[in-house]
Amino acid sequence: MFLYDLIISLFLLSIIFIVSYSYGYLCFKTHNKFIKDKLELNIYYLIVPLVGFAFISIIFNYFYFLFNVSSKNILILLVLFQILIFLFYLKDKAYFQNFYKIYKISLSVSFIFIFFLIYQGEQFYIFRGNYWDSMNYISQAILIQDFKFDEILKLNNDLTDKMLIENNYQDLGSKNIKIRPLTTLNLALIFNFDILNYFLLYNIYKIFLVSLVFLSFSFFSQSLNIKNNFFYSLSFILSFWFLYIFEVDALSHLTATGFLIG
């Protein structure tokens, strides 16, 4: 079970990273095509996945809340478009070279966290830190996974008017659907894979965010011409302040940290 969870977790992290990188690469290429001030990918390559993650988050936000598309259909669209991006850049060496450079770094950092969590087991990674907030995020993400936005609003009204269901994920999630929704939207995308338990998928998402922070801090260090930026970036994500955010399940803060640094 340990080996299965580890392999599947690393596989899923790789898929998430590939998709984020691909959309980020598309954003950079599109920018350089239409904007005179070009962005050199050999300088900005470290934050390409961060840009892609931001782009996907914005797209998901509009499709889910404005166009009322289900999270499953949004995931299908993202995967189909990801395939088109891959085929379009199939002969672009920079696409693969830059990906390899940052993927091997991110995977090594992610492996440290995911190996430790899975090795400690379910009791460890489920009840880490502030499990009240983690349960709240998970409830909202499952709700987004199962229902369209208009269905959640109707469900919320029904529960409020009739008080038919209390203290389950539908009740808790529908009440808080408009509180920090972007974080739970992205989490719902990952839940749609449905290949591991929700709690491990939740932690995989957190670890992906950690890898983005690591890359963002590496980019920041590189911009300041700091040598050994790998060591300093690793020290940052293992620091008390950052691990405190990770432990207390401040998922919105964790999501924003990479953007703040980058």
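In this predicted model, a convenient place to start is I204, which, leaving aside its neighbours within four places in sequence, is in contact with S9, L12, L13, I16, I114 and L196. I204 also belongs to the largest nonpolar core, a set of 81 residues. Within this core, the residues that touch the most other members are Y64, I114, I204, F208, L209 and I237. I204 and its contact partner I114 therefore both appear among these well-connected members. The element that gives the most to the core is helix 11, with 15 residues. As general background, nonpolar side chains tend to be buried together in soluble globular proteins.

Helix 11 also takes part in a helix pair that is easy to find in the structure. Helix 3, which spans residues 48–66, and helix 11, which spans residues 198–223, have axes that come within 9 Å and cross at roughly 130 degrees. An angle of this size makes helix 3 oblique to helix 11. On the helix 3 side, the residues involved are P49, L50 and F53, and they meet Y205, F208, L209, L212, L215 and S216 of helix 11. Sorted by class, this contact has eight nonpolar residues, one polar residue and no charged residues. Two of the helix 11 residues named here, F208 and L209, are also listed among the core members with the most contacts to other members.

Helix 10 (181–191) is mostly covered, with nine of its 11 residues buried. The buried residues are T183, T184, L185, N186, L187, A188, L189, I190 and F191. They pack against helix 1, helix 3, helix 4, helix 7, helix 11 and helix 14. T184, placed in helix 10, offers a closer look at this packing. The relative accessibility of T184 is 0%, so this residue counts as buried. Not counting residues up to four places away in sequence, T184 touches Y137, Q140, A141 and I144.

Helix 14, made of residues 251–261, has its own set of buried residues: L251, S252, L254, T255, T257, G258 and I261. Their cover includes helix 3, helix 7 (131–146), helix 10, helix 11, helix 12 (229–237) and helix 13 (240–247). Helix 10 and helix 14 thus appear in each other's surroundings, since helix 14 is among the elements that the buried residues of helix 10 pack against, and helix 10 is among those covering helix 14.

Turning to charged side chains, a search of the whole structure finds two salt bridges. In one of them, the side chains of D92 and K29 meet at 3.8 Å, N to O. D92 lies in the loop between helix 4 (71–88) and helix 5 (93–120), while K29 is in helix 1 (residues 2–34), so this pair ties together parts that are 63 residues apart in sequence. D92 counts as buried, at 19% relative accessibility, just under the 20% cut-off. K29, with a relative accessible area of 31%, is partly exposed.

The side chains of D249 and K206 form the other salt bridge, at 2.8 Å, N to O. This pair links distant parts of the chain, as D249 is in the loop between helix 13 and helix 14 and K206 is in helix 11, 43 residues apart. Here both partners are buried: D249 has a relative accessible area of 4%, and K206 is at 3% relative accessibility. In general, side chains of opposite charge can pair when their charged atoms come close.

Another charged residue, D5, is found in helix 1 and counts as buried at 9% relative accessibility. Leaving aside neighbours within four places in sequence, D5 is in contact with I118, L196 and L200. The C-alpha atoms of D5 and L200 are separated by 8.7 Å, although these residues are 195 residues apart along the chain. L196 is a contact partner of D5 and also of I204.

Finally, the loop between helix 11 and helix 12 holds two residues with notable backbone angles. Most residues other than glycine have a negative phi. N225, found in this loop, has a positive phi of about 60 degrees although it is not a glycine. N228 lies in the loop between helix 11 and helix 12 as well, and has a positive phi of about 55 degrees, again without being a glycine. Both are exposed, with N225 at 69% relative accessibility and N228 having a relative accessible area of 59%.

Definitions and conventions: Residues are numbered from 1 along each chain as its sequence is written. This is a predicted model: local features need pLDDT of at least 70, side-chain atom pairs count only at pLDDT 80 or more; totals for chains, interfaces and linings use all residues. Side-chain values use heavy atoms; hydrogens and water are left out. Axes are lines fitted to C-alpha atoms, for helices over the stretch in contact, and angles run from 0 to 180 degrees between N-to-C directions. Helices (H or I, at least four residues) and strands (E, at least two) are DSSP runs, numbered from the N terminus. Angles under 35 degrees count as roughly parallel, over 145 as roughly antiparallel, 65 to 115 as roughly perpendicular and the rest as oblique. Contact means heavy atoms within 4.5 Å. Ala, Val, Leu, Ile, Met, Phe, Trp, Tyr, Cys and Pro count as nonpolar, Asp, Glu, Lys and Arg as charged, and the others, Gly among them, as polar. A nonpolar core is a set of buried Ala, Val, Leu, Ile, Met, Phe, Trp, Tyr and Cys residues joined through side-chain atoms within 4.5 Å. Buried means under 20% relative accessible area, exposed over 50%, partly exposed in between (1.4 Å probe, protein chains only). A salt bridge is a side-chain nitrogen of Lys or Arg within 4 Å of a carboxyl oxygen of Asp or Glu.
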